[in-house]
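Visitor: Could you take me on a close look at the nonpolar interior of this protein? I would like to see how one part is put together and then where that part sits in the whole.

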Amino acid sequence: MNEYQLVNISKMIKGHSILSDINLKLEGGKIYGLIGENGSGKTMLLRIMSGLINPTSGCIKIDGKICNIAKKRNINIGVIIENVCLYQDMTALDNLRYLASINKIATQQDIYNILKAVGLDPNDKRKVRKYSLGMRQKLSIAQCFMENPDLILLDEPTNGLDAESTKKVLNLIKSSSERGAIILLVSHIKDDIFNICDTIYLMEKGKITEVIK
């Protein structure tokens with residue numbers, strides 16, 4: 001995937017406009033930031049981009065061709081949106097093994113490597129229900145990156161992480177960009193956004209109103 005484009009994307013819910021005529025073109029190998037107040041539509045935009053929700057109008061193009069993200073199964077997307085569902089009575093390793101069995105992209109070694117990369121022990125026998133908030137966030141990040149996705153959508157990925165863990169996540173983002181992935185990062189931590197992103201967009205009341213960087 002070299003280019004991901006939103007064309008006139010709008011979303012209405014019960015007569016209320018959540019997103020209005022969003023036009024956005026993202027290119028491989030670049031990191032994009034999205035900032036805005038709570039309720040500005042950032043999370044809804046990520047849901048539509050990942051195929052979790054269909055837009056009311058508009059379309060998505062991948063490499064210039066209109067695409068239904070929800071139905072197209074050969075698009076490799078990594079996502080962290082709000083609370084990622086984890087299996088509470090499984091270990092971190094078993095969680096990722098189960099998820100990897102769906103697409104059959106990530107190998108056993110990939111799973112071990114990504115757990116170590118985020119600072120988790122692949123051999124930890126504790127169940128996820130005993131994990132701290134930070135450890136759960138690390139596991140959410142691991143599931144997002146383990147298949148080396150072409151499109152990576154991150155909603156507050158460093159939430160609950162200490163400085164060292166945040167650095168590891170930012171390094172993952174950078175290395176994914178270097179291999180050609182398209183990355184869109186939503187964060188209220190301005191240092192993360194401004195230090196790592198090539199381009200930053202401001203979202204207000206369901207519209208992208210300004211390019212900040």
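Guide: Happy to; we will start inside, then step back to the whole chain, and finish with two backbone details. Please keep in mind that this is a predicted model.

Let's begin with the core itself. The largest nonpolar core holds 38 residues, and the ones with the most contacts inside it are Leu115, Phe145, Leu154 and Ile173. Helix H4, which runs over residues 133–145, gives the most to this core, contributing six residues. As general background, nonpolar side chains in soluble globular proteins tend to be buried together.

Phe145 is a good place to put your cursor. Once its neighbours within four places in sequence are set aside, Phe145 is in contact with Ile114, Ile152, Leu154, Leu172, Ile173 and Ser176. Two of these partners, Leu154 and Ile173, are themselves listed with Phe145 among the residues with the most contacts inside the core.

The protein also has a second, separate core of 27 residues. Among its members are Cys67, Ile182, Leu184 and Met203.

Now let's step back to the whole chain. The secondary structure comes to six helices and ten strands. Of the 213 residues, 47% are buried. The C-alpha trace spans about 50 × 35 × 35 Å along its principal axes. A compact globule of 213 residues would have a radius of gyration near 17 Å, and the protein's value of 17 Å agrees with that. Contacts across the sequence are well represented too: among those between residues at least 6 apart, 67% join residues at least 24 apart.

Turning to the outside, the protein exposes about 11000 Å², and carbon and sulfur atoms supply 46% of that area. As for charge, there are 29 positive and 23 negative charges, and their mean positions are 6 Å apart.

Finally, here are the two backbone details I promised. Asn8 has a phi near 50 degrees, a positive value in a residue other than glycine. Asn8 lies in strand E1, residues 3–13, and is partly exposed, with a relative accessible area of 38%. Lys14 also has a phi near 50 degrees, again positive in a residue other than glycine. Lys14 is found in the loop between E1 and strand E2, the latter covering 16–27. With a relative accessible area of 80%, Lys14 is exposed.

If you return to the interior after this tour, Phe145 and its contact partners, including Ile114 and Leu172, make a handy starting view.

How values were computed
Residues numbered from 1 in each chain as written. Predicted model: local features only at pLDDT ≥ 70, side-chain atom pairs only at ≥ 80, totals over all residues. Heavy atoms only, no water. Helix = DSSP H or I, 4+ residues; strand = E, 2+ residues; numbered from the N terminus. Rg over C-alpha atoms; globule rule 2.2 N^0.38 Å. Buried < 20%, exposed > 50% of the residue type's maximum accessible area, 1.4 Å probe, protein only. Contact = heavy atoms within 4.5 Å. Areas by Shrake-Rupley, 256 points an atom, 1.4 Å probe, with all protein chains shown as cover. Lys, Arg positive; Asp, Glu negative; His and termini not counted. Charge placed at Lys NZ, Arg CZ, Asp CG, Glu CD. Core = buried A, V, L, I, M, F, W, Y, C linked by side-chain atoms within 4.5 Å.
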